[in-house]
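Thank you all for coming; I would like to walk through one model today, starting from a single residue and working outwards. Please keep the sequence and the structure open as I talk.

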Amino acid sequence: SETLADSFISSARSIGPLITFLVLLVRIWLNKPLPIIWASAPPPLKEGAGAVELTPLTENGSSSRPNTTGKRAHVDVDLDTASDEAEDDTALPEGTTRQRIPTFVFCSLCYVGLALYNFGLIHGLDHIGGSVGQALPHAFHLYGREAGGAIVLAFTLILGVGATIAEPGLTTFVYQVERLAGNSFKMVVLRLWVPVGVALGVTLGVFAIISRLENPMLLIIQLLVVLYPIACILDMYAQSSLVAAAWDSAGVTTGEVTVPLVLSLGAGLARQSGVPGGFGLLGLASVCPIVAALVAGIVLAVRGGDSLRRRDSLPRLVSF
């Protein structure tokens, strides 16, 4: 099995060329300095002061106002500074300390985090998912075919929701959509119904595996052929911003947590059920959140008073 040293070596091979390319791109081709990162430690909280708040950033990354309401350190990223000189500290409250942190430090943290993640993935999530996939079919022997199948599907549904909610990419994605799209649609569509869609997709794939079909992949392919046209039809009735967010959610939901659990779960179930493969679950886990988010967005819009109408054309993305 892979050791911790092997994880660091493989991570260096994967992220090292990427960081090198980005640094050369910024410094040589674009002729721009690397971002200057400042860590600001505010002065001690005075008696009677308010709660801790985060300091908002301006468009160029610098702090728009001093953070005087708490003791949390704050990190500002200055993308437009062409030298290593410190920013003007006159706008900062008295007693605030600032320290420049090299970009290399954060790149190193990214490398170490990736290495530890790969090591934990191989020896943690992968083994857990495989063990669960091999243990679940025993429910058929304990409770019968129908009750055991219901238990397996219910467990898969709960696992799909929990794994998707735990996805770091989904949290970041919802934050970015909320920041850019504003109030164009309710964020509960992404926070709740995207995980539900992933869970439904994984559950459909597990049903195909445990249904004792001669070729479970054929059922999965048929489901994909049906669900993608449905998603395209729903695009014509949903809001433009929701359409873009729904399709993008398909990528962020199959990330660091969901992929190893789903793949190992499918492989374990397929091995115990005596069917080949066990793949195709991620395909369903990608299209089902699209459909779920579009349906939920349309239903919430109609309940909010908007009429259901078909758009004659998709919005223009590029204007000349």
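Valine 26 touches Asn31, Lys32, Pro33 and Leu34, if we do not count residues up to four places away in sequence, where contact means heavy atoms within 4.5 Å. This valine sits in helix α1, residues 4-29, and here helices (H or I, at least four residues) and strands (E, at least two) are DSSP runs numbered from the N terminus. Valine 26 counts as partly exposed because its relative accessibility is 22%, given that buried means under 20% relative accessible area, exposed over 50%, and partly exposed in between, with a 1.4 Å probe and protein chains only.

Before going further, I should say that this is a predicted model, in which local features need pLDDT of at least 70 and side-chain atom pairs count only at pLDDT 80 or more, while totals for chains, interfaces and linings use all residues. Residues are numbered from 1 along each chain as its sequence is written, and side-chain values use heavy atoms, with hydrogens and water left out.

One of the contacts of valine 26 is Asn31, which lies in the loop between α1 and β1 (36-41). Asparagine 31 has a phi near 55 degrees, a positive value in a residue other than glycine, and it is exposed, with a relative accessible area of 62%.

Valine 26 also helps to line the second largest pocket, together with Leu18, Ile19, Leu22, Val23, Leu34, Pro35, Thr103, Phe104, Cys107, Ser108 and Tyr111. The elements that give two or more residues to this lining are α1 and α2 (103-135), and the pocket has a volume of about 240 Å³. A pocket, on a 1 Å grid over the protein atoms alone, is an open set of points with protein on both sides within 12 Å along at least five of seven lines, whereas a cavity is a set of points where a 1.4 Å probe fits but cannot get out; lining residues have an atom within 4 Å of a point. Grid points are joined across faces, edges and corners, and a volume is the space filled by probe spheres set on the points. How does the lining of this pocket divide by class? It has 10 nonpolar, 2 polar and no charged residues, where Ala, Val, Leu, Ile, Met, Phe, Trp, Tyr, Cys and Pro count as nonpolar, Asp, Glu, Lys and Arg as charged, and the others, Gly among them, as polar.

Let me turn to the cavities, of which the structure holds 3 of 30 Å³ or more. The second largest contains about 50 Å³ of space, and its lining consists of Thr156, Leu159, Gly160, Ala163, Val202, Thr258, Leu261, Val262 and Leu265. Both α4 (145-165) and α10 (258-273) supply at least two residues of that lining, which comprises 6 nonpolar, 3 polar and no charged residues. Thr156 from this lining is also touched by threonine 203, whose other contacts beyond four places in sequence are Leu153 and Leu157. Threonine 203 belongs to helix α7, residues 193-210, and counts as buried because its relative accessibility is 13%.

Now to the nonpolar cores, each a set of buried Ala, Val, Leu, Ile, Met, Phe, Trp, Tyr and Cys residues joined through side-chain atoms within 4.5 Å. The largest has 23 residues, and those with the most contacts inside it are Val177, Phe185, Leu190 and Leu294. Two or more residues come from each of α5 (168-181), α6 (188-191), α8 (216-235), α9 (240-252) and α11 (281-303), with α11 giving the largest share, 6 residues. A second, separate core of 16 residues includes Leu136, Val202, Ile210 and Leu265, and of these Val202 and Leu265 are also among the residues lining the second largest cavity.

On the cysteines, taking a disulfide as a pair of cysteine sulfur atoms within 2.5 Å, the count comes to 0. Cysteine 110 is in no disulfide, and the nearest cysteine sulfur, that of cysteine 107, is 7.1 Å away.

As for the whole protein, there are 11 helices and 3 strands, and 35% of the 320 residues count as buried.
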